[in-house]
Amino acid sequence: MVKYDTVLIRYGELSTKGKNRRDFITRLYTNIKYMLRDYPNLTYRKTHDRIYIKLTDENPEDISNKLKKVFGISSFSFTERIPSDIEAIKETCLRIAKVSNKKTFKMITKRHDKSFPLNSDSINRQVAGEILQNTDLKVDVHQPDLAIRVEVHSNDTYITSDKIQGAGGYPAGINGKVLLMLSGGIDSPVAAYQLMKRGLNVEAVHFASPPYTSENAKQKVLDLAAQVSEYQGHMKVHVVNFTQLQLEIYKHAGDPYAVTLMRRMMYRLAERISTKYGCLAIGTGESVGQVASQTLESINCINAVTNMPVLRPLVCYDKVEIIELARKIGTYETSILPFEDCCTIFDPKNPVTKPSIVKSEYYESKFDYETLIQQVVDEIETVNVQVKRSEEDFL
């Protein structure tokens, strides 16, 4: 029987961070402890290239599902911790081999403690010899059915036959804060996930148009924010009342330029809100060419109203790829609920696909949008959301 008692966590991309490495590892360590906050009996230890979590009676599958959602983890393994002694190593690896029901195996040893009397190759040979003598397994160094991994340290050795892929990227929040335009569609929650993966802390702005959009539509967006917030702990959603601005746009600009002007107003608002709440960039779920407002000409015309960096993590994704990611992170089913947001309620029949800045500015000159924008910013409703947890999570 395998006695997994320790989770060994590998950093991956963090190893390239040079002088910032310590800060990145500290943030990762904090994020892991937060993700596993419902397991108070776990104990933690971090080193320059690993984090170790000692298990008690926790369910490894539950722990695994949580760790898979922590950005900054390259991979992790459930391991058996034993003394750094060659006989103990041979006995443990043999036991793992016997219960594996596999036909071929390979030994992979990393000797962190260079004072250990055997080097990695010698350990591999001695352990492989023990397994070959006492089982029917054969060695296959290229495509083994079973890979037994040994990490030798000064006092303890960690042994596992499993390596679980982590979420990768950088620890959420380590690279600053971005304001994401969050709608009730499929794309923007996926964009939030991708931004978090690059170590950004994501706040969101949602444009509501009551009474044309319902409370159900607003709640749908908050639910999406809660679902994706699990990857960073929580998310602030700034809800703005966009109704009056939209009505003025349709009154003075009409159908073809309505979407362009709406997006330009959204960017102006996003810049004001970013400045107010300390966000250093604006994020969107835009993908080139997907809709009228996402042609290159439209993006150029809309982007002209802000000097802030605009991050578009989905810019070169097609819709199928975005849907696959939405299913992976669990937001797809919520995104397709039939509650319309402000963009779909006021969806024009013939939107311009190659708008000009000059013409946009002409329509905007017909009404006092600056005053309306300031009123919107002054009346923002901010909601702090986090993933919903059932009573079972606390048992």
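Strand S10 (residues 177-181) and strand S13 (residues 281-283) pair in the parallel sense over three bridges. Helices (H or I, at least four residues) and strands (E, at least two) are DSSP runs numbered from the N terminus, and two strands pair if DSSP finds at least two bridges between them. The model is predicted, and local features need pLDDT of at least 70, side-chain atom pairs count only at pLDDT 80 or more, and totals for chains, interfaces and linings use all residues. Residues are numbered from 1 along each chain as its sequence is written, and side-chain values use heavy atoms, with hydrogens and water left out.

Within the S10-S13 pairing, Leu-180 stands opposite Gly-283 in S13. Both strands belong to an open sheet of six strands with mixed pairing, in the order S14-S13-S10-S11-S12-S15. The edges are taken by strand S14 (310-311) and strand S15 (381-385); each has a single partner strand, so one side of each lacks a neighbour in the sheet.

Helix H10 spans residues 319-329, and its residues Ile-322, Leu-325, Ala-326 and Ile-329 are buried (under 20% relative accessible area, against over 50% for exposed and in between for partly exposed, with a 1.4 Å probe and protein chains only). These buried residues lie on the same side of H10, because they cover an arc of only 105 degrees around the axis, the arc being that of the directions from the helix axis to the C-beta atoms. Exposed residues Val-320, Glu-324 and Lys-328 are carried by the face of H10 turned away from its buried side. The cover over the buried residues of H10 includes helix H5 (187-197), helix H6 (215-229) and helix H11 (332-335). At the N-terminal end, H10 is capped by Asp-318, with a side-chain oxygen 3.2 Å from the backbone nitrogen of Val-320. Just after H10, Gly-330 takes a positive phi of about 85 degrees.

Glu-230 is located in the loop between H6 and strand S12 (235-241). Its relative accessibility is 15%, so Glu-230 counts as buried. Leaving aside residues up to four places away in sequence, Glu-230 touches Met-35, Lys-66, Lys-69 and Val-387, where contact means heavy atoms within 4.5 Å. Glu-230 and Lys-69 are 161 residues apart along the chain, while their C-alpha atoms are separated by 7.7 Å. The side chains of Glu-230 and Lys-69 make a polar contact at 3.1 Å. Such a contact is a pair of N or O atoms within 3.5 Å; within protein, one must be able to donate a hydrogen and the other to accept it, and residues adjacent in sequence count only if both atoms are side-chain atoms.

A search of the whole structure finds 11 aromatic pairs. Rings of Phe, Tyr and Trp (its six-membered ring) pair if their centres lie within 6.5 Å, and planes under 30 degrees apart count as stacked, over 60 as edge-to-face and the rest as tilted. Phe-76 and Phe-78 form an edge-to-face pair, at 6.2 Å centre to centre and 75 degrees between the planes; both residues are buried. Tyr-362 and Tyr-363 form a tilted pair, at 5.5 Å and 55 degrees. Tyr-362 is partly exposed, with a relative accessible area of 47%, whereas Tyr-363 is buried at 15%. One aromatic cluster is formed by Phe-71, Tyr-193 and Tyr-231.
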